[in-house]
Amino acid sequence: MAFEIPGFTFTRVAGADLSSSQYYFVKLSTTDTVVVCAAATDIPIGILQNAPTSGQEATIMVTGISKVSADAALAIGQLIGTAADGQADAKTVGTDTTQYVVGNVLVAAGAAGEMATTTVNCLNPHRAA
């Protein structure tokens, strides 16, 4: 079962309707708001912890242990980052060299849309090189 141990969180205004994106990766937009990551090469600022609509406060976990929505099955120990839809996607070192690793799966997800548990560290994202 997915669980959380909150670490560092902060708030920013939601730059779009994020009400269906709780536990997705988000990024800073050019207007100082947050939006869901829209490319596997985006640099996530954290994982969205609530479900705000546009203009409401979004709570983002930058470091800690968080639930995350899986883009596909995720196994314990896999390195993850964002998929093109903001869900968690496995990253392979040496293969996904233009994508960022920001976590490690602690509780697996069996399929897309399921909740996994991951460590998250978006303070220091690194490429899967």
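Tyrosine 24 counts as buried, with a relative accessibility of 17%, where buried means under 20% relative accessible area, exposed means over 50%, and partly exposed lies in between (1.4 Å probe, protein chains only). The structure is a predicted model, in which local features need pLDDT of at least 70 and side-chain atom pairs count only at pLDDT 80 or more, while totals for chains, interfaces and linings use all residues. Residues are numbered from 1 along each chain as its sequence is written, and side-chain values use heavy atoms, with hydrogens and water left out.

Tyrosine 24 sits in the loop between E2 and E3; here helices (H or I, at least four residues) and strands (E, at least two) are DSSP runs, numbered from the N terminus. Although tyrosine 24 and leucine 48 are 24 residues apart along the chain, their C-alpha atoms are separated by 5.6 Å. If residues up to four places away in sequence are not counted, tyrosine 24 touches Val36, Gly46, Ile47, Leu48, Ser69, Asp85, Gly86 and Gln87, a contact being heavy atoms within 4.5 Å.

From this loop we can turn to the nonpolar interior. A nonpolar core is a set of buried Ala, Val, Leu, Ile, Met, Phe, Trp, Tyr and Cys residues joined through side-chain atoms within 4.5 Å. The largest such core has 27 residues, and those with the most contacts inside it are Phe25, Val68, Leu74 and Ile80. At least two residues of this core are supplied by each of the strands E3 (25–28), E4 (34–36), E5 (46–48), E6 (57–61) and E12 (115–121), and the largest share, three residues, comes from E6. Valine 68 shows how such a residue is surrounded: leaving aside its neighbours within four places in sequence, valine 68 is in contact with Tyr23, Phe25, Ile47, Ile80, Ala88, Glu114, Met115, Ala116 and Thr118.

One of those partners, alanine 116, lies in strand E12 and is buried, with a relative accessible area of 0%. Its C-alpha atom and that of alanine 2 are separated by 5.5 Å, although the two residues are 114 apart along the chain. Apart from residues up to four places away in sequence, alanine 116 touches Ala2, Ser66, Lys67, Val68, Leu74, Val107, Ala108 and Ala109. Threonine 117 is also found in strand E12 and is likewise buried, at a relative accessible area of 0%. With residues up to four places away again not counted, the contacts of threonine 117 are Met1, Ala2, Phe3, Ile65, Ser66, Asn104, Val105, Leu106 and Val107.

Two of these contacts of threonine 117, Phe3 and Leu106, lead us outwards. Together with Ile5 they form a nonpolar patch on the surface, with about 240 Å² of accessible area in total. Such patches are made of residues with over 30% relative accessible area and no salt bridge, like charges being joined within 9 Å and nonpolar side chains (Val, Leu, Ile, Met, Phe, Trp, Tyr) within 5 Å; the areas come from the Shrake-Rupley method with a 1.4 Å probe, and for residues only the protein chains shown count as cover. Leucine 106 belongs to strand E11 (residues 103–107) and is partly exposed, with a relative accessible area of 33%.

Charged side chains give another view of the fold. The structure holds three salt bridges, each being a side-chain nitrogen of Lys or Arg within 4 Å of a carboxyl oxygen of Asp or Glu. Aspartate 32 pairs in this way with arginine 12, their closest N and O atoms being 3.3 Å apart; this pair links distant parts of the chain, with aspartate 32 in the loop between E3 and E4 and arginine 12 in strand E2 (residues 9–13), 20 residues apart. Lysine 27 and aspartate 42 meet in a salt bridge at 3.1 Å, N to O, and here too distant parts of the chain are linked, since lysine 27 is in strand E3 and aspartate 42 in the loop between E4 and E5, 15 residues apart. Lysine 27 is partly exposed at 22% relative accessibility, whereas aspartate 42 is buried at 14%. In the salt bridge between aspartate 89 and lysine 91 the distance is 3.4 Å, N to O.

Finally, a search of the whole structure finds one aromatic pair. Phenylalanine 8 and phenylalanine 10 are stacked, at 6.4 Å centre to centre and 15° between the planes; rings of Phe, Tyr and Trp (its six-membered ring) pair if their centres lie within 6.5 Å, and planes under 30 degrees apart count as stacked, over 60 as edge-to-face and the rest as tilted.
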